[in-house]
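Welcome to a short set of exercises with worked solutions. Take a moment with the sequence and the model, then work through the tasks one at a time.

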Amino acid sequence: MTTILVIGANGSVGRHVVASLAEDGHEVRALVRGTAKDTLPAGVEAVRGDLTVPESLEPALAGGVEAVYLMWPGLPVEPGVVELIARHAKRVVYLSADVADLADDEPAAVFHQEIERLIRRSGLDWTFVRAIDFAGNLLAWADQVRAGVVRWPYGRARRSLVHEKDIADVAVRALTEDGHHGCRYVVTGPESLSHAELAGIIGEELGVGLRWEELAPEPAREQLTAAWGNAAFVDSRLRAWESFTREPERVTDTVERVLGRPPRDVRSWVRDHAADFR
């Protein structure tokens, strides 16, 4: 079995990557900060490091690491991290977003594109797991669910939200099998469902009365900007949701092709996270 370094081991996807790799008998190292190692499964080696200080990753990569799972948490891009991974490992699987490829001289619109381009140039065997929005983003509604009414914009926007375990399973397959080099896997849920339908499913699975209330875009912009602190990001989300009222977010067959099984649906995600809503 190979030694695999997981960067982002305590993230919503990374923790499932770590658990699956450990269960399958792989030697797993997890890059951690502070006391985060306390949440890792037994037998997983925790090594401290900081993505903003590339040289701090040297101990985590030294000594036989062949593959790396990389999640970049929205920090400024450090090319030295990719360069260091390329000096030690043979393969990297990067948790990206549903972004377009960039030409060499094209400016990046989001950091995922910049990191992807660095990886493509690195000489590593690479796989990009481009995840559609996580079903975990529905936890933004948790307080409203507890109050019995979800107030949100664009109730007719149809989303193909994906279970984080499916993202992790695709990543693990790419980390541990040959044949995934150069693949850009867009991972989605099995169907597109409207915001209002998603709220209804949450209520049904929790067994609670839950009402949908349409929130106009302008009040939504004010509320979300206050909550998220990033007006540009809020505007991009509102534009995307409005577009999904006209053309549903796409659904891919990636999970079926890579894993040989259907993707998990939103109902299964709600059941897995019922305690988070209560």
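Which side chain meets Lys165 in a salt bridge? Before the solution, two notes on the ground rules. Residues are numbered from 1 along each chain as its sequence is written, and side-chain values use heavy atoms, with hydrogens and water left out. The model is predicted: local features need pLDDT of at least 70, side-chain atom pairs count only at pLDDT 80 or more, and totals for chains, interfaces and linings use all residues.

**Exercise 1. Salt bridges of helix α6**

Task: find the partner of Lys165, then look for another salt bridge that involves Asp169.

Solution.
- Step 1: apply the criterion, a side-chain nitrogen of Lys or Arg within 4 Å of a carboxyl oxygen of Asp or Glu. Lys165 meets Asp272, with 3.8 Å from N to O.
- Step 2: place the two residues. Lys165 belongs to helix α6 and Asp272 to helix α11 (residues 266-272), so the pair links distant parts of the chain, 107 residues apart. Helices here are DSSP runs of H or I with at least four residues, strands are runs of E with at least two, and both are numbered from the N terminus.
- Step 3: check accessibility, where buried means under 20% relative accessible area, exposed over 50%, and partly exposed in between (1.4 Å probe, protein chains only). Lys165 is partly exposed at 27%, and Asp272 is partly exposed at 43%.
- Step 4: turn to Asp169, whose salt bridge with Arg264 has its closest N and O atoms 3.3 Å apart. Asp169 lies in α6 and Arg264 in the loop between α10 (254-259) and α11, so this pair ties together parts 95 residues apart in sequence. Arg264 is partly exposed, at 26%.

**Exercise 2. A salt bridge within a helix**

Task: how many residues apart are Glu242 and Arg246 in helix α9?

Solution.
- Step 1: both lie in α9 (residues 231-246), four residues apart, about one turn of the helix.
- Step 2: recall the geometry. An α-helix has 3.6 residues a turn, so residues three or four places apart point the same way.
- Step 3: the side chains of Glu242 and Arg246 meet in a salt bridge of 2.7 Å, N to O. Glu242 is partly exposed at 28%, while Arg246 is exposed at 60%.
- Step 4: widen the view. Asp101, Glu116, Arg130 and Arg184 are joined into one network by salt bridges that share partners, and the whole structure has 26 salt bridges.

**Exercise 3. The sheet and its helices**

Task: in what order do the seven strands of the open sheet lie?

Solution.
- Step 1: strands pair if DSSP finds at least two bridges between them. The order is β3-β2-β1-β4-β5-β6-β9, with parallel pairing.
- Step 2: the edges are β3 (45-48) and β9 (183-187), each pairing on one side only. Neighbouring strands are turned by 20° against each other on average, direction ignored.
- Step 3: look at β1 (3-7). Five of its five residues are buried, so β1 is largely enclosed by the rest of the structure. Thr3, Leu5 and Ile7 cover one side, Ile4 and Val6 the other. Five bridges pair β1 with β2 (residues 27-32), and Thr3 has Glu27 as its bridge partner.
- Step 4: follow β5 (residues 91-97), which seven bridges join to β6 (residues 125-131). Ala97 stands opposite Ala131.
- Step 5: add helix α6 (residues 164-176), which lies across β1, β4, β5, β6 and β9, at about 155° to β5. Contact means heavy atoms within 4.5 Å; axes are lines fitted to C-alpha atoms, for helices over the stretch in contact, and angles run from 0 to 180 degrees between N-to-C directions.

**Exercise 4. Aromatic pairs**

Task: is the pair of Trp126 and Phe128 stacked or edge-to-face?

Solution.
- Step 1: rings of Phe, Tyr and Trp (its six-membered ring) pair if their centres lie within 6.5 Å; planes under 30 degrees apart count as stacked, over 60 as edge-to-face and the rest as tilted. The count comes to seven aromatic pairs.
- Step 2: Trp126 and Phe128 are stacked, 4.3 Å centre to centre with 20° between the planes. Trp126 is buried at 8%, and Phe128 is buried at 0%.
- Step 3: for Trp269 and Phe277, the centres are 5.9 Å apart and the planes at 85°, so the pair is edge-to-face.
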